[in-house]
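Thank you all for coming; I would like to walk you slowly through one structure this morning, and I will try to keep each step plain enough to follow by eye. Please have the picture open in front of you while I talk.

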There are 2 protein chains.
Amino acid sequence: MRSGFAAVATLFASIVLPPSAIAASPVVHHPLDALTPQEYWTIYETLRGEGHVHEKTLFGSILLHEPDKQIVLKWTPGGTIDRKADVVLLDEGKSYASVVDITSKKVDEFHALKGEHSPFTATEEHQVGEAIKHDVRIVEALKKRGVTDLRHVECFPTPAGYIGLPEQKDAESRIAWGGCANSEGAISGSWDREVAGLFFVVDMLSKKVLRVSDYGVLPPMPTTGIYDGTGGEALAGTKPITIMQAAGPSFTIDQGLVSWQNWRFRFRLDPRQGPVLSMVGIEDSGKLRSVMYEGALSEMYVPYQDPEETWNSHVFLDGGEYFMNTGLGLIKPLISGIDCPDYATFFSGFFYKENGAPFERPQLACLFERTKGDPAWRHGDSNGTFGRPTRELVLRTVATVGNYDYVLDWRFGQDGAITAGVGATGILEVKPVADTDVSKGMSKGLADSNAPGGPVEFGHLVAPGTDAVNHDHFFSFRLDLDVDGTKNSFMADKLVQYKIPSNKTEYGRHVIWAMRPTMPMTEGEAKMDLSLQHPSMWRFINSDTKGPQGYPTSYEIMPGQTAGSLLPSDEWPQKRAGFSEHQLWVTPYEPNERFAAGTYVSGSRG
Amino acid sequence: MRSGFAAVATLFASIVLPPSAIAASPVVHHPLDALTPQEYWTIYETLRGEGHVHEKTLFGSILLHEPDKQIVLKWTPGGTIDRKADVVLLDEGKSYASVVDITSKKVDEFHALKGEHSPFTATEEHQVGEAIKHDVRIVEALKKRGVTDLRHVECFPTPAGYIGLPEQKDAESRIAWGGCANSEGAISGSWDREVAGLFFVVDMLSKKVLRVSDYGVLPPMPTTGIYDGTGGEALAGTKPITIMQAAGPSFTIDQGLVSWQNWRFRFRLDPRQGPVLSMVGIEDSGKLRSVMYEGALSEMYVPYQDPEETWNSHVFLDGGEYFMNTGLGLIKPLISGIDCPDYATFFSGFFYKENGAPFERPQLACLFERTKGDPAWRHGDSNGTFGRPTRELVLRTVATVGNYDYVLDWRFGQDGAITAGVGATGILEVKPVADTDVSKGMSKGLADSNAPGGPVEFGHLVAPGTDAVNHDHFFSFRLDLDVDGTKNSFMADKLVQYKIPSNKTEYGRHVIWAMRPTMPMTEGEAKMDLSLQHPSMWRFINSDTKGPQGYPTSYEIMPGQTAGSLLPSDEWPQKRAGFSEHQLWVTPYEPNERFAAGTYVSGSRG
């Protein structure tokens with residue numbers, strides 16, 4: 001498992017009374033605030049009123065359509081807020097994109113999508129899944145494996161990201177693929193119950209299975225306790241650690257504006273992007289200095305790496321394709337005391353159902369301060385030691401996408417740093433293989449021992465017959481920095497070797513490194529890669545605003561542990577997730593370029 | 001500032017009664033335990049008894065001489081422990097290396113060092129510093145700058161790491177260089193009081209200044225509050241966070257063996273290396289499985305990057321050169337509540353003075369559990385969410401070397417991970433320059449605007465006339481892994497592109513990545529570099545011990561955020577700190593290769 005790195009904005013309108021949260025009736029205080037239940041209903045009624053909602057119409061996506069940035073920046077409290085929504089409808093297999101003006105209750109735009117589709121909906125996945133399971137070829141294949149009781153069999157159509165299959169020839173068709181699981185005898189769930197070797201391609205519209213491929217019968221994976229839900233007792237001798245903030249948190253929230261130390265920011269909980277931070281600034285001697293207009297997760301990319309179609313079809317663009325696959329949005333409720341400290345403040349959110357109706361989800365985000373017992377700074381000398389403890393503010397959500405749970409943090413430091421932290425937990429999705437013990441060799445499902453250049457392995461046997469297939473996780477964040485205002489430039493400070501000109505060559509140092517500030521002038525030049533051999537520091541500067549020593553003010557982007565994509569750029573998965581080719585892409589502000597793999601990812605050809 | 005990455009072993013014999021520590025009379029429970037006061041005195045008396053200690057003899061280094069690993073591994077509690085020490089003496093400018101057998105009270109080895117020297121001692125630095133300050137050329141140079149009151153002037157001779165200067169021609173000479181500071185008017189200390197442009201080379205033995213170079217007069221840097229010692233009040237609205245472990249810690253310490261969860265380990269506090277972990281293992285179903293024989297900081301390398309001799313002479317090998325520069329050892333006392341939580345357990349240590357006498361330093365290490373409010377693991381699905389909170393054990397020390405304070409952590413996770421964490425804090429050492437504002441250009445002290453390839457900068461103006469010079473921080477750790485025993489091999493699992501052989505070329509995926517296990521067979525092959533484009537995973541495996549699926553058991557080395565050296569390999573600083581050229585070096589066990597830049601760093605030519 002490898003990790004990539006990679007931010008857009010909403011406010012969840014909520015008033016918080018410490019120590020626990022009280023969800024107030026949501027109100028729009030700011031143009032970037034989340035959609036309210038009343039607004040979801042206005043959207044629904046407006047579309048229905050103009051004849052766009054029929055009996056079988058599914059709402060694939062209802063998202064805030066943000067006002068133009070310039071309008072937001074000019075807006076002041078008490079001013080008019082014009083509200084709009086981006087809506088994607090799926091109607092009898094056809095996808096439509098719409099902009100609904102909530103304020104004036106009018107449909108601004110409505111057009112059919114060409115070659116792109118609505119995100120998959122839970123309803124169609126369930127209906128098509130039922131149809132697949134009863135396809136004669138599937139029934140036959142299951143029978144070959146001794147499975148005749150279909151009550152515990154589920155078939156999962158997942159969006160077929162374009163890879164040039166004959167079945168995908170018609171760009172307007174809505175194609176899925178996948179496999180089946182038989183949960184008979186399982187402890188809980190079906191992640192370890194995959195039916196080996198079975199693969200299908202299905203037309204989501206006609207609910208017809210276009211192809212069934214059988215890569216061979218293997219015994220079911222052994223039923224194992226995949227994870228221990230209750231956890232059992234703590235190890236002997238484990239003593240409690242109690243963390244309390246008896247006087248309440250140090251942050252305040254006023255009409256959605258979070259204030260902590262010198263930080264000021266808003267956030268909304270978005271069904272697709274999760275938390276969208278906005279209007280992030282620092283109060284400096286009574287003046288609010290802007291840092292970031294918006295920051296949010298833009299896309300996720302999880303390609304599995306297995307030679308067999310059953311598993312190399314696992315190429316997930318989880319942000320754009322999967323955020324509504326359970327009908328509940330990308331982020332899921334948090335558990336107090338496990339996901340967040342029990343003194344955290346929790347926030348609910350209003351998302352939409354496939355019938356267009358709003359619903360409230362509890363504990364979708366938590367906000368808490370923490371101190372980790374580390375010094376913020378310290379210095380000791382022969383006179384003694386000075387220092388101060390540190391604390392940070394954490395805004396946390398968890399995105400659960402199938403088997404994986406991604407912990408998404410926005411952390412604010414006292415040193416001016418904002419950290420976008422990503423953690424992966426959950427359970428492994430595993431592939432059935434013939435191997436039970438690798439000490440005497442590996443099957444073709446697990447390895448190619450005759451590969452040119454030497455043997456290679458495609459995964460790791462984690463239990464008898466159970467292969468955890470190699471895969472990557474790339475997270476792309478969209479960050480719209482406004483350092484001391486909107487007029488920002490991007491600087492790459494390269495560290496280069498520098499020959500000392502005046503030095504005698506016989507002795508002393510001849511070569512040092514120095515910093516060469518460079519300003520990429522085009523999007524092409526501003527595709528940045530990380531390299532230990534050719535390092536550079538990435539900054540957004542404001543040439544109009546000078547610090548006390550005359551430098552333009554700036555904010556640095558520091559990547560954490562990251563990864564590069566190893567797939568050739570002409571491979572379809574890599575084309576569709578082209579953003580994974582570079583670690584940083586700098587582009588001018590363009591409201592339609594919010595999503596790294598495109599707005600409509602289903603059906604996208606990159 | 002950039003950071004490198006980089007881990008050897010002692011136990012400080014201590015019995016701990018929660019919640020605060022009680023320093024017991026130190027006893028040797030294990031062959032790798034730290035030297036006791038009684039042992040320091042035996043070393044002193046044995047050397048004196050054999051005629052090696054004279055009136056002016058300084059003890060440059062007294063370190064535990066570890067027994068052979070095979071002897072330690074065969075040793076069982078109650079068995080004989082033969083104790084030895086490595087001692088370096090500085091006698092009238094000559095350095096001697098000695099091995100003293102403490103048990104039999106005999107000097108095993110005693111020889112003069114050739115071309116290498118004792119670490120610098122505080123005594124000689126002070127004496128030579130006084131001599132420099134009164135050198136006529138220095139007095140004259142200070143007078144040119146209006147400084148005639150020498151009471152607040154200090155001159156600092158620092159070890160002249162070899163760079164081929166004419167003054168360094170004689171390998172037996174003990175050469176230092178440096179500059180002076182005038183603290184008149186300073187708030188506290190002299191880090192911002194450097195006398196601009198003044199550089200000297202001095203013979204530590206004769207206390208004669210060999211050369212004074214004057215690179216030009218500049219006004220003193222303005223007196224600034226470098227750091228706010230008391231810190232003032234917390235920001236308005238800051239509410240307390242209370243962390244308590246009322247029932248005491250979950251770890252126990254029995255005769256120096258730390259037990260926490262399934263982890264077992266020992267540590268000693270070493271004057272040169274700081275904490276030396278040893279005998280690290282995991283208890284697995286009642287059986288102790290070894291993980292690491294020893295792990296410790298091996299060397300630090302901090303080269304500054306300035307074209308002027310005054311500052312490019314700042315090339316510090318802080319581990320080998322500086323650990324006794326204040327006469328107190330590398331690590332310094334910790335402050336409860338700032339460096340470590342106030343519920344932490346603290347450990348004192350016994351180091352030596354330059355006259356060979358032992359002394360006790362309080363609070364040199366702390367050990368604490370912490371929970372950060374993050375989940376250890378969690379998974380949610382439509383049935384609900386399971387998970388568990390996490391905690392970790394932290395062994396912390398702080399190495400203060402001049403202006404910098406390095407926070408050195410060994411962290412033990414519940415997931416089997418050991419993290420060697422390094423943090424840098426403290427204050428900047430700054431260079432006086434002519435610039436007060438850079439908006440209209442920069443002086444030659446700060447930048448070269450006519451450099452081939454475009455302008456480059458050598459540092460950053462942090463206050464008027466005050467340049468924070470570019471520099472690197474490299475930390476090299478020595479890790480002696482014993483995965484399930486001593487018979488280990490090193491594996492590099494490379495991630496390579498793999499062409500799927502059977503796939504039709506018209507459609508589908510053609511190229512995936514796969515893992516190619518490789519085993520470097522020589523030290524040359526086992527110099528490992530990090531690359532996003534050519535990634536590999538580094539593991540130490542035990543081919544004789546198989547896991548449940550038949551894989552050899554192994555332990556992975558995962559580098560964190562790291563850096564490569566940008567200096568050419570034929571530059572002297574790079575030759576002396578050659579370890580910074582690669583991120584991982586794998587070498588067979590060799591007790592004399594503990595230190596990445598050599599055992600005797602002073603005078604070393606790489």
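Across the interface of chain A and chain B, the rule finds eight salt bridges, and I should say at once that we are looking at a predicted model. One of these links is formed by Arg378(A) with Asp405(B), where the closest N and O atoms are 2.9 Å apart. Polar contacts can be counted across this interface as well, and there the rule finds 63 residue pairs, with both residues of a pair at pLDDT 80 or more.

Which part of chain A gives the largest share of the side that touches chain B? It is strand 32 of chain A, covering residues 511–518, and its share comes to seven residues. If we sort that side of chain A by class, we find 64 nonpolar, 45 polar and 24 charged residues.

Let me turn to the extent of the contact, which takes 133 residues from chain A and 132 residues from chain B. The area buried between the two chains is about 11,000 Å², and carbon and sulfur atoms give 56% of that area. Within chain A, the residues that lose the most area to chain B are Arg378(A), Arg509(A) and Trp513(A), which together make up 8% of what that side buries. You will recognise Arg378(A) from the salt bridge with Asp405(B).

The two chains also meet strand to strand, since three bridges join strand 10 of chain A, residues 242–244, to strand 10 of chain B, residues 242–244, and these strands run antiparallel. If you place your cursor on Met244(A), you can look across to its bridge partner in strand 10 of chain B, which is Thr242(B).

Now let us look at single residues in chain B, beginning with Asn403(B), which is placed in the loop between strand 22 (392–401) and strand 23 (404–413) of that chain. Is this residue buried or exposed? Its relative accessibility is 5%, and because the cut-off for buried is under 20%, Asn403(B) counts as buried. Its side chain reaches the backbone oxygen of Ile427(B) at 2.9 Å. Leaving aside residues up to four places away in sequence, Asn403(B) touches several others, among them His379(A) from the other chain, and Trp191(B), Tyr304(B) and Glu429(B).

Strand 23 of chain B also holds Gly413(B), a buried residue with a relative accessible area of 12%. Gly413(B) touches Trp260(B) and Trp263(B), again not counting residues up to four places away in sequence. Its C-alpha atom is separated by 8.6 Å from that of Thr390(B), although the two residues are 23 residues apart along the chain.

Another buried residue is Tyr293(B), with a relative accessible area of 2%, and it is found in strand 15 of chain B, residues 287–303. Tyr293(B) and Lys69(B) are 224 residues apart in sequence, yet 8.5 Å apart in space, taken from C-alpha to C-alpha.

Finally, please go back to chain A, where an open sheet of three strands has the order 25-29-28, with antiparallel pairing. Strand 25 (431–432) and strand 28 (459–463) stand at the edges, each with a single partner strand, and so one side of each is left without a neighbour in the sheet. Strand 28 pairs with strand 29, residues 466–469, in the antiparallel sense over four bridges, and there you can find Leu461(A) standing opposite Asp467(A) of strand 29.

Notes: Residues are numbered from 1 along each chain as its sequence is written. Chains are lettered from A and ligands numbered from 1 in the order in which they are written. This is a predicted model: local features need pLDDT of at least 70, side-chain atom pairs count only at pLDDT 80 or more; totals for chains, interfaces and linings use all residues. Side-chain values use heavy atoms; hydrogens and water are left out. Buried means under 20% relative accessible area, exposed over 50%, partly exposed in between (1.4 Å probe, protein chains only). A polar contact is a pair of N or O atoms within 3.5 Å; within protein, one must be able to donate a hydrogen and the other to accept it, and residues adjacent in sequence count only if both atoms are side-chain atoms. Contact means heavy atoms within 4.5 Å. Buried area is the accessible area (1.4 Å probe) that two parts lose on being put together, summed over both. A salt bridge is a side-chain nitrogen of Lys or Arg within 4 Å of a carboxyl oxygen of Asp or Glu. Ala, Val, Leu, Ile, Met, Phe, Trp, Tyr, Cys and Pro count as nonpolar, Asp, Glu, Lys and Arg as charged, and the others, Gly among them, as polar. Two strands pair if DSSP finds at least two bridges between them.
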